[in-house]
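Me: I would like to work through this protein slowly, with questions and reasoned replies. Please show me the sequence and the structure before we begin.

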Amino acid sequence: MRASVKSAVGLAVVLAAGLLASSPSAQASSSAQASSTAQASSSAQASSTAQASTTAQASTTAQATGSQEYVVLYRANMSAAAGRQAVQRHGGTLVKENADIGVATVTSSDPNFVAKTLADPAVQGVSRNHVIGSAPPLVRPKADDVEHLRQALAAAGTPPAATPAAATTAAATTAPGAEPLAGLQWDMAMIRATASQSYAVNPGDKRVLVGIIDTGIDGTHPDIAPNFNAALSRNFTTDIPLIDGPCADETDHSCSDPANVDDNGHGTHVAGIVGAAVNGIGIAGVAPNVSLVNLRAGQDSGFFFLQSTVDALTFAADNGIDVVNMSFYTDPWLYNCAHNPADTPAEQQEQRTIIAATQRALDYANSHNVTLVAALGNEHTDLGHPTIDATSPDFPPGTEHVRTVDNSCIDLPTEGHNVIGVSSLGPTTTKADYSNYGTEQTDVSAPGGYFRDGFGTPSYKSVTNLILSAYPEALARASGSLNPDGSSNDPFVVRDCEHGVCAYYQYLQGTSMAAPHATGVAALVVSHYGHPDPRHPGLFLPAAATGSLLRATATRHDCPTPRLQSYADVGRPPDYDALCQGSRAINGFYGRGIVDALGAVTGRPQL
């Protein structure tokens with residue numbers, strides 16, 4: 001669920017409260033709509049550019065003065081003007097503001113800024129954002145071993161199993177009308193999103209806008225470009241050199257990346273699962289004709305900060321986005337606890353601010369009929385009964401500590417109100433050993449890849465058990481995965497060349513990969529049942545109806561027998577054991593069932 005790599009620097013840096021976003025959107029269907037969209041885009045883009053410039057300037061000033069950066073949450077019954085006045089009254093300088101939900105980024109050099117501002121009746125909460133300052137030059141990668149299995153195996157000196165001959169044959173002999181690599185997409189076959197199934201009924205509608213809140217989207221990727229909505233795409237982040245690397249090393253030599261760039265790879269992979277085009281090259285997504293909107297809220301390094309994520313959610317609400325995918329959790333707390341005695345008063349206040357601000361943004365998006373889909377996470381935990389959090393706060397490095405948590409502590413945005421939580425399955429429909437679960441949290445399940453699936457068969461520990469999706473070529477080259485002639489030397493990377501155009505794809509696993517399968521099916525629901533949007537160009541379907549249809553058309557799945565699923569055979573210790581509770585109709589592993597693209601567009605699910 002974590003984006004590919006988080007860079008961690010020395011203890012001189014303090015970062016807190018993070019989130020990320022990315023996704024593209026649809027082209028207007030008529031010239032009048034196109035003109036209107038272009039005007040709105042021009043205005044919003046100018047505002048976004050100015051805001052990024054202001055943020056960068058504020059960071060420069062803060063660095064010179066030694067200021068601390070904070071996120072301030074205005075009290076709900078107060079106006080934004082009252083909140084701004086409170087910030088200024090207590091020595092804060094406004095950097096960025098989201099007036100829709102009353103969240104602002106501010107800087108202050110006053111060491112008592114938090115205490116004074118919290119005492120103001122116009123303010124509900126304050127949390128640290130980050131200190132701008134110097135740090136040791138050592139940058140240490142922090143990877144998610146679940147999603148970035150390639151790095152984990154390399155570090156352990158353990159290569160993956162050879163690709164099974166059956167998978168090689170499948171890739172070489174695709175069905176008529178299918179994309180060249182469709183034979184490697186077991187995930188699409190599982191949910192009946194194929195050329196002969198859901199695509200033949202409804203492949204999605206360009207007027208349906210899917211927001212990818214992630215690390216960005218490579219809008220130039222051959223399988224993404226046909227569906228990429230550049231006009232609506234935004235980057236809500238500014239690179240932080242201390243964690244993202246020097247701005248001079250960026251492809252554009254800037255700390256403000258364009259809205260069609262993904263220097264991480266996670267967001268592009270997610271976008272490809274949702275809506276890679278049917279265009280005769282590579283793969284196809286669940287909904288290969290919808291529009292993808294990059295709503296980037298994540299740093300290159302994989303950290304997700306609070307202001308960027310709430311900005312992405314409110315932008316989605318204000319601009320007619322139909323569905324958003326959220327494959328992340330809010331840093332630095334894996335679980336946000338409002339009153340955990342294991343945390344200091346300052347840490348408790350920080351987490352209360354994150355909870356309140358995130359829920360405001362989710363509520364705002366839901367009230368504008370944005371369907372919210374999120375990954376459940378990769379900690380192999382029953383989210384209804386968490387006990388230990390050993391990774392928070394995850395920034396700065398070295399500040400994490402083991403703390404006791406309970407069900408009052410929540411994983412955000414996944415456990416926010418009105419969010420559809422998605423668990424992860426392997427090719428055999430077994431719950432992946434890493435996937436979180438829970439009767440309260442699992443709404444639906446979807447293929448997310450499971451390296452250790454198929455124990456006792458040739459597919460066990462094969463890369464083809466993972467999910468294949470789009471990979472930016474620049475990252476493939478930078479990672480050393482390509483030979484001088486452009487061919488792949490890496491079992492996790494696949495190249496497809498058609499009619500003189502080459503595209504790259506990578507295998508990943510995680511609940512981050514499961515969620516976009518559900519997002520794609522939700523987009524198909526809006527495509528099939530939606531009607532013209534009275535407020536924005538495109539289609540409209542109430543979020544409650546979209547979620548209900550997604551759940552109702554899912555393929556029901558029983559708990560395993562015995563209900564206590566052991567992963568000992570695949571080498572996992574007892575703490576991976578998972579108890580499935582519930583019935584066939586709804587349970588903690590599968591929720592209402594496995595999402596079904598064909599069932600969603602025909603109304604005839606495989607119950």
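Reply: Before we begin, one term is needed: a residue is called buried when its relative accessible area is under 20%, exposed when it is over 50%, and partly exposed in between, with a 1.4 Å probe and protein chains only. The model is predicted, so local features need pLDDT of at least 70 and side-chain atom pairs count only at pLDDT 80 or more, while totals for chains, interfaces and linings use all residues. Residues are numbered from 1 along each chain as its sequence is written, and side-chain values use heavy atoms, with hydrogens and water left out.

Me: How many residues of strand β4 are buried?
Reply: Strands are DSSP runs of E with at least two residues, helices are runs of H or I with at least four, and both are numbered from the N terminus. Strand β4 covers residues 103-108 and is mostly covered. Val103, Thr105 and Thr107 point one way from the strand, whereas Ala104, Val106 and Ser108 point the other way, and all are buried. The number of buried residues in β4 is therefore 6 of 6.

Me: In β4, which residue is the bridge partner of Leu94?
Reply: Two strands pair if DSSP finds at least two bridges between them. Strand β3 (residues 93-98) pairs with β4 in the antiparallel sense over 5 bridges, and β2 (residues 68-74) also pairs with β4 in the antiparallel sense, over 6 bridges. From β2, Gln68 has Ser108 as its partner in β4, while the partner of Leu94 in β4 is Val106.

Me: Why is the disulfide of Cys337 and Cys409 right-handed?
Reply: A disulfide is a pair of cysteine sulfur atoms within 2.5 Å, and the sulfur atoms of Cys337 and Cys409 are 2.2 Å apart. Cys337 lies in the loop between β10 and α11 and Cys409 in the loop between β13 and β14, so the pair ties together parts that are 72 residues apart in sequence. Both Cys337 and Cys409 are buried. The disulfide is right-handed because the torsion about its S-S bond is about 115°.

Me: Is Cys497 buried or partly exposed?
Reply: Cys497 is joined to Cys502 by a disulfide, with an S to S distance of 1.9 Å. Cys502 has 28% relative accessibility and so counts as partly exposed. Cys497 has 33% relative accessibility, and therefore Cys497 counts as partly exposed.

Me: Is the link of Cys559 and Cys580 left-handed or right-handed?
Reply: A disulfide joins Cys559 to Cys580, with an S to S distance of 2.1 Å. Both Cys559 and Cys580 are buried. With -65° about the S-S bond, their link is left-handed.
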